[in-house]
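Trainee: Could you take me slowly through one part of this model, the nonpolar core and what lies around it? I would like a connected account that I can follow residue by residue.

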Amino acid sequence: MLARLPRPAAILFALLMLAVTAWCFSVTPPPIKTAKKGGYTDGRLYHDIAAQVAQGKPYHQAAAELHRAHRYPLKPFFTIARPRKWKSPPSSAGRVFRNCAS
């Protein structure tokens with residue numbers, strides 16, 4: 001592509017790419033927002049949704065109510081994911097997950 005450009009345009013393009021690259025390395029991202037210690041986390045949200053579904057409430061209703069209650073976004077449409085059908089993990093995996101959780 002650069003071979004077809006006139007030399008001044010190719011140099012200008014190369015300098016532009018160099019400037020963009022330098023800018024990318026100089027910009028710092030905003031700090032990551034984390035939940036306060038003991039605050040409401042995504043894991044807690046999903047646990048609460050599962051608990052309400054286990055009590056018989058429809059998934060999307062439970063998810064929407066909890067998202068609203070804890071100020072989670074409801075838009076765009078894929079924010080509340082469709083529930084997935086999970087196969088039961090092998091018994092050894094279950095023990096590992098239980099040990100990690102405690």
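Mentor: What follows starts with the core, passes to the residues around it and ends at the surface.

Please keep in mind throughout that this is a predicted model. The largest nonpolar core is made up of seven residues, namely Leu 45, Ile 49, Ala 63, Ala 64, Leu 66, Tyr 72 and Ile 80. Two elements, helix H2 (42-54) and helix H3 (59-69), each give two or more residues to this core, and H3 gives the most, with three residues. As a general background, nonpolar side chains in soluble globular proteins tend to be buried together.

It is worth staying with H3 for a moment, where Ala 62, Ala 63, Ala 64, Leu 66 and His 67 are buried, and where the cover over the buried residues includes H2. Ala 64 can serve as an example: once its neighbours within four places in sequence are left aside, Ala 64 is in contact with Leu 74 and Ile 80, and Ile 80 is itself one of the core residues. Just after H3, the backbone at Arg 71 takes a positive phi of about 60°.

On the side of H2, the residue to look at is Asp 48, which lies in that helix. Asp 48 counts as buried because its relative accessibility is 16%, under the 20% limit that the term requires. Apart from neighbours within four places in sequence, Asp 48 is in contact with Tyr 40 and Leu 66, and Leu 66 belongs to the core.

Tyr 40 leads on to the aromatic rings, for a search of the whole structure finds one aromatic pair. The partners are Tyr 40 and Tyr 72, whose ring centres are 6.4 Å apart and whose planes stand at 75°, so the pair is edge-to-face. This pair links distant parts of the chain, with Tyr 40 in the loop between H1 and H2 and Tyr 72 in the loop between H3 and helix H4 (91-101), 32 residues apart. Tyr 72 is a core residue, whereas Tyr 40, at 24% relative accessibility, counts as partly exposed.

For contrast, turn to the surface, where Ile 11, Leu 15 and Leu 18 form a nonpolar patch with about 300 Å² of accessible area together. Leu 18 has its place in helix H1 (residues 7-26), and Leu 18 is exposed, with a relative accessible area of 55%.

How values were computed: Residues numbered from 1 in each chain as written. Predicted model: local features only at pLDDT ≥ 70, side-chain atom pairs only at ≥ 80, totals over all residues. Heavy atoms only, no water. Patch = residues over 30% accessible without salt bridge, like charges linked within 9 Å, V, L, I, M, F, W, Y side chains within 5 Å. Areas by Shrake-Rupley, 256 points an atom, 1.4 Å probe, with all protein chains shown as cover. Salt bridge = Lys/Arg side-chain N within 4 Å of Asp/Glu carboxyl O. Helix = DSSP H or I, 4+ residues; strand = E, 2+ residues; numbered from the N terminus. Buried < 20%, exposed > 50% of the residue type's maximum accessible area, 1.4 Å probe, protein only. Core = buried A, V, L, I, M, F, W, Y, C linked by side-chain atoms within 4.5 Å. Contact = heavy atoms within 4.5 Å. Phe/Tyr/Trp six-rings, centres within 6.5 Å; stacked < 30°, edge-to-face > 60°.
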